Amino acid sequence: MKRLLSTFAVAGAFGLCAVSAQAAKLDQVKSKGFIQCGVSQGLPGFSTPDDKGNWTGLDVDFCRAVAAAVFNDPTKVKFTPLSAKDRFTALQSGDIDILSRNTTWTITRDTSLGLNFTGVTYYDGQGFMIRKDKKVNSALELSGASVCTQTGTTTEQNLADYFRANNMTYEVIAFATNDEVVKAYDAGRCDVLTTDRSGLAGERLKLTNPDDHVVLPEIISKEPLGPVVAHGDDQWFDIVKWVLFAQINAEELGVTSKNVDEQQKSATNPEIKRLLGTEGKFGEGMGIGNDWAYQIVKSIGNYGEMYDRNVGPATPLKLERGANALWTKGGQQYGMPIR
Amino acid sequence: MSDLVLEPVQGRSKSASFINDPNVRSIGLQLIALILVVLLGWMFVENARDNLAAQKIATGFGFLDNTAGFGISQTLIPYSETSTYGRAFVVGLLNTILVAVVGIFLATIIGFLVGIGRLSKNFVVRLISTTYVEVLRNLPPLFQILFWYLAVLSAMPSPRQSISIFGEVFISNRGLIIPRPLFGEGTGLVLWAFGAALLAVILIGYWARGRQEETGRRFPMLWVGLGILVLVPLAAMIFTGFPITFERPELKGFNFAGGLRVIPEFVALTVALATYTAAFIAENVRSGIMAVSHGQTEAAHSLGLRNSQTLRLVVIPQAMRVIIPPLTNQYLNLTKNSSLAVGIGYPDLVAVFAGTSLNQTGQAIEIIAITMGVYLVLSILTSFVMNAYNKRIALVER
């Protein structure tokens, strides 16, 4: 019922406030002094509170990077945990400024929900996790299985498509939150847990015996996950979009949080000089400081650092870069040129 | 004489302005208020539509004809991934109604038993009933639903180790699996026979009651009724060569194939809602019984009625007048609480329609409006039925 009410409140908000009268998002954010960032309710590696209550993860770090670019201070972010089901309404109603919540970029979401995807922070695909003792090696052996998943995701439709395309039967049990999905899977209600493969790596850590479970090799969908902003404010859209490009470009140019001070002083490469704001005035066009990218790399690091710290091979998630490697290294991460 | 009578109320002096007429005033004011309310509503709708259009958010009800593309674990009508959102809506609605109806049925039975138990002379029965009420009505319903769900799930074996009853019925953490009846040719005749038997039993019942009231002679209704209900359809089955067969559930791979299945989400939700609501119903029943004057019981006893007869024939019928109105509230609560289903993945209206469908189409306003309308209609229907029943049993004053 609470969800019903909150959605109704959103409907009410649409009814009462006129969009045209709203100030630019950047000015709003600056005057309130922080960015309100929508994250998940707890997905290890992407957005989850640690034992001290601080939010950590790739999606969380991205919001901090935007704060660093806007305020020169990565701590000026407040986080709103959202279920998959409630996330878009929160953005549409203006409760949050950025949605950074492992959200798949699809045409429906981009064109009919009043949203803009700003880029891809993680190239992912949907996968299946199953108990090792079921002795299944391929997703094609899953006919008849009961599958647990979270409601309000692209996962439900991909699942239906995959089983239908391969002429297999299945039973889907969809829960409202990730934790409920994991609990039901752990209790044996379903044979299979399905979500994005990065999500599986994170959810697995929540199981009673993570080593008893295996992720099947099949990737059944394209899941480009990225940050989202609301329609209608191009300046804010630009800022969020270029924060990610700056991080990717920094990695490509070898600028890290450790050497960024030195690079800013002594770099001779004009690309690095433009990135760090010692040449050109690229921040101006977005209404933020010209050293915006320096601030991002200084406090959060480049894309690679952010990746390795949260989800990389050295973390419990143990995710290889794969598709998320730089384009120069056979991956798909490609930062648009800063010039 | 009549010429001289003053008519201060009806007769309006021609010189006074019609604005001062109290009737004109009250109608006028109400009209203005109505216009304001309608205008406000219209402004609200227009503004919402403008804002949605400005943000390029899809609007309208056309989405109901689009393909849903997701699966649902319990469907009372044929449904597949290629069905429309409109059909998904009906599936969710039926699932909600199923939980509400079964839940109300169980809650009423448990509630009456516990309510009567609270007034029992037996100390143990009284203690158990009191504990039941105090524990269950003081815990949040969502918590109870989760408890039942996880308790039921962890107690049940996996499908391969399922508990088998005569190899026909299987219980596992995938639910209760029973043979599915298959209706072959000639089923119609059997059903007709059953209907006719049912009608005959009802008619005989009326006759037997009339005869007992007139002559005092009793009729063995139970045995005769059961006999007719079993023998007549059986005869029809033999005549048509047993058209109804059963499809046996068989373990295939992960799950049972064939057979009918009651999913654990349904069991957990229904049991949790029924036991929770029953605690409140028990209190209603107790207050209703206590509202019947003790003199009625004494009078019944002095007529030679036994305790059970006193309760059944004298006390409860009078208590019902007090019980019904709050009972209606509890039925409505149960129906509304069924929306907590999404917590355990039961595909009710809120989970399927205001959940998955809303998220895939993004049409929050339309979907929430429809969902709220449905709950409103369900609640009003329940109230209507209960009020009609209340009217029938209400004290007829002569």
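At what angle do helix 2 and helix 10 of chain B pack, and how far apart are their axes? The tour of this predicted model comes to that pair after a sheet in chain A.

**Stop 1: the sheet in chain A**

Select strands 8 to 12 of chain A. These 5 strands form an open sheet with mixed pairing, in the order 10-9-11-8-12. Strand 10 (170–175) and strand 12 (213–215) of chain A are its edges, each pairing on one side only. On average, and ignoring direction, neighbouring strands are turned by 30° against each other.

**Stop 2: strands 9 and 10**

Narrow the selection to residues 145–150 of chain A, which make up strand 9, and add strand 10 of chain A: the two pair in the parallel sense over 6 bridges. Within this pairing, look for A:Thr149, which stands opposite A:Ala174 of strand 10.

**Stop 3: the helix on the sheet**

Now add residues 155–165 of chain A, helix 6, which packs on the sheet. Helix 6 touches strand 8 (126–131), strand 9, strand 10 and strand 11 (192–196) of chain A. The direction of helix 6 makes about 155° with that of strand 9.

**Stop 4: the helix pair in chain B**

Move to chain B and select residues 85–117 (helix 2) and 349–361 (helix 10); they pack at an angle of about 155°, with their axes 7 Å apart. Angles over 145 degrees count as roughly antiparallel, so helix 2 and helix 10 of chain B are roughly antiparallel to each other.

To show the contact, display side chains on both helices. Helix 2 contributes B:Tyr85, B:Ala88, B:Phe89, B:Val91, B:Gly92, B:Leu93 and B:Thr96. From helix 10 come B:Leu349, B:Ala351, B:Val352, B:Phe353, B:Ser357 and B:Thr361. By class, the contact has 9 nonpolar, 4 polar and no charged residues.

How values were computed:
Residues numbered from 1 in each chain as written. Chains lettered and ligands numbered in written order. Predicted model: local features only at pLDDT ≥ 70, side-chain atom pairs only at ≥ 80, totals over all residues. Pairing = 2+ DSSP bridges. Helix = DSSP H or I, 4+ residues; strand = E, 2+ residues; numbered from the N terminus. Axes fitted to C-alpha atoms, helices over the stretch in contact; angles between N-to-C directions. Contact = placed C-beta atoms within 7 Å. Parallel < 35°, antiparallel > 145°, perpendicular 65-115°, else oblique. Nonpolar A, V, L, I, M, F, W, Y, C, P; charged D, E, K, R; others polar.
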